[in-house]
Amino acid sequence: MLELAGIRKNFGAIEILRGVDLTLRPGEIHALLGENGAGKSTLMKILCGILQPSEGTIRLDGAERRFANYDEAIAAGVGVVFQEFSLIPWLNAIENIFLAREKTNRLGLLDRRAMRARAAELMRKLSVEIDLDLPVNRLSVAEQQFVEIAKALALDARFLVLDEPTATLTPAEVEHLFKVMRELRRQGVAIVFISHHLEEIFEICDRITILRDGAFIATCAVSDVDNDRLVEMMVGRRLDQSFPPKPPAQTRPPVLQVEELQLRRGGPVSRFELRQGEILGFAGLVGSGRTETVLAMLGALPAARCKMRLDGVEKRFAGPDEGLMHGIGLLPESRKEQGLITSFSILQNISLNNYGRYRRAHWFIDLKKERAATEAAMAQVRVKASGPMARVDTLSGGNQQKVVIARWLNHDMRVLIFDEPTRGIDVGAKTEIYALMREYTAAGHSIIMISSELPEMVGMSDRVCVFRSGGIVATVEGERITSEEIMTLATTGRVEHVA
Ligand SMILES: Nc1ncnc2c1ncn2[C@@H]1O[C@H](COP(=O)(O)OP(=O)(O)OP(=O)(O)O)[C@@H](O)[C@H]1O
Ligand SMILES: [Mg+2]
């Protein structure tokens, strides 16, 4: 049993954790819940010796322990899969799994055969088949995730922390992960599971600990709470989780008309238009071509064919920069590519490319105005930070994502393309972001929203293009926008193939 009691943590003058308790019993899956910036990842870093608590105790099987660093925690049986992956991209799975704890044989030489055998055994245990010789950056995100887990298991972890493992996985991959977690639980491993998807908590967890603003709120059994109660404990108030009302359907002028878009020769040809003031959803399974389609449209990916019009005029973009010049902004799905400069402040990141607005004379930037605008933008999406000057790399994962969104909503774009906008975002902030997206379109801008979350797709889209096998199979609107309809089209829709 691992017990954290009265854990406090300060960064400078700010108290991030304010007396948190957490007990992990063998053979349980324990959810750690809280809004973005509540302190979940920080608490886990303390658990594994990466950070030292300012106050509080850690007990392992009744004896007080202090982990001076991650290695000491590992030796005590704690393994962590971090929110930001820690694999070395150019090394293969075996090298990553045994990094810094390579097996040696009697002669003191690297025992490659033993490491390969052990890695293969772990992969079998996780029921994943991957090429152990490939550099891990050539693996899918899910595969990398399993390499991370194998790395923790290679150390015979009795306590395993999974910090938002499902944020980047497809539903099928999540199911696989849950199977593995259940098996580990059966073997007596205690797992801490962090996720912003409450339905996952109800599916897989036994107990829940809730943090709010660094304070310990409660630990309870999953069977003792329901969705609304959980949200209330996390957010501190009742939350209206409904979507903002959709404007009545009306004929709006098209902004972008994609007349022919074929990703690969022999593949399906997509056709769609984006109208002024609408949210156009791109639905489909992961890998169905949604992201590729927008990248091809912007000239960031080569396409077999691409014919489109912007405001009725035929147009071809040479890359996202050119799209930007025409007022089309893209928020990519991967956080690392979202163009945040993490060693810069929030203010610098939000006003990047936005300086025109705050320029008074030729070379003066109106600092006061810039700061006020940044503060307003931060408040809009509820970024939790010490202020506009906080460095982005000191923000929690979800808050970094909010900075990206704030930044784009403050650009004067005609079209914004959001790829999985609310990934890693907590329930409260999601609601705010949905409201902002509606305001944005009400002001005449247009949004293309790629999302794998069906409720979000159904609740937010004015029209939905459903993708399958690399192209759009159908566009639905109004009453026809339902989860069933979208899922049916996404899994069985027919595609016309054009050579
Ligand atoms: N090195 C640091 N310096 C200053 N503040 C920090 C530092 N590291 C974390 N923080 C702050 O601690 C708070 C808690 O962050 P943490 O990453 O633990 O949140 P979280 O609950 O994991 O959120 P998320 O759901 O977004 O991942 C945040 O407000 C963050 O800005
Ligand atoms: Mg976190």
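**A walk from the ligand to the helices**

An oxygen atom of ligand 1 is 2.7 Å from a polar backbone atom of T394. The protein covers 84% of the 650 Å² of accessible area that ligand 1 has on its own. Keep in mind as you look around that this is a predicted model.

Let's stay with the ligand for a moment. Which residues are the closest to ligand 1? They are K40, T42, T394, S396 and G398, out of 20 residues that surround the ligand. K40 places a polar side-chain atom 2.7 Å from an oxygen atom of ligand 1, while G37 has a backbone N or O atom 2.8 Å from an oxygen atom of the ligand. Sorted by character, the shell holds 12 polar, 4 charged and 4 nonpolar residues. Two helices each supply at least two residues of this shell: helix 1 (40–47) and helix 13 (397–410).

Now move along to helix 5, which runs over residues 141–153. With 13 residues at 1.5 Å a residue, helix 5 should span 18 Å, and its end C-alpha atoms are indeed 18 Å apart. Is helix 5 largely enclosed or largely open? Of its 13 residues, 11 are buried, so helix 5 is largely enclosed by the rest of the structure. Among these buried residues are F146, V147, I149 and L153, and also E148 and K151. The cover over them includes strand 6 (78–81), helix 3 (93–97), helix 4 (112–125), strand 7 (159–163) and helix 6 (171–186).

Helix 8, residues 227–235, is another good place to stop; its buried residues are L230, V231, M233, M234 and V235. They pack against elements including helix 7 (198–204), strand 9 (207–212), strand 10 (215–221) and helix 14 (427–442), along with strand 3 (29–33). After helix 8 comes G236, which has a positive phi, near 85 degrees.

That brings us to backbone angles. Most residues other than glycine have a negative phi. With this in mind, look at D61, which is not a glycine and yet has a positive phi of about 50 degrees. You will find D61 in the loop between strand 4 (55–60) and strand 5 (63–65). E164 is not a glycine either, and its phi is positive too, at about 50 degrees. E164 belongs to the loop between strand 7 and helix 6, two elements that you met in the cover of helix 5.

Which of the terms buried, partly exposed or exposed fits D61? D61 has a relative accessible area of 49%, so it counts as partly exposed. E164, with a relative accessible area of 10%, is buried, because buried means under 20%.

Notes. Residues numbered from 1 in each chain as written. Chains lettered and ligands numbered in written order. Predicted model: local features only at pLDDT ≥ 70, side-chain atom pairs only at ≥ 80, totals over all residues. Heavy atoms only, no water. Helix = DSSP H or I, 4+ residues; strand = E, 2+ residues; numbered from the N terminus. Expected span 1.5 Å × (residues − 1). Buried < 20%, exposed > 50% of the residue type's maximum accessible area, 1.4 Å probe, protein only. Contact = heavy atoms within 4.5 Å. Near = heavy atom within 4 Å. Polar contact = N/O pair within 3.5 Å; in protein donor to acceptor, adjacent residues only side chain to side chain. Areas by Shrake-Rupley, 256 points an atom, 1.4 Å probe, with all protein chains shown as cover. Nonpolar A, V, L, I, M, F, W, Y, C, P; charged D, E, K, R; others polar.
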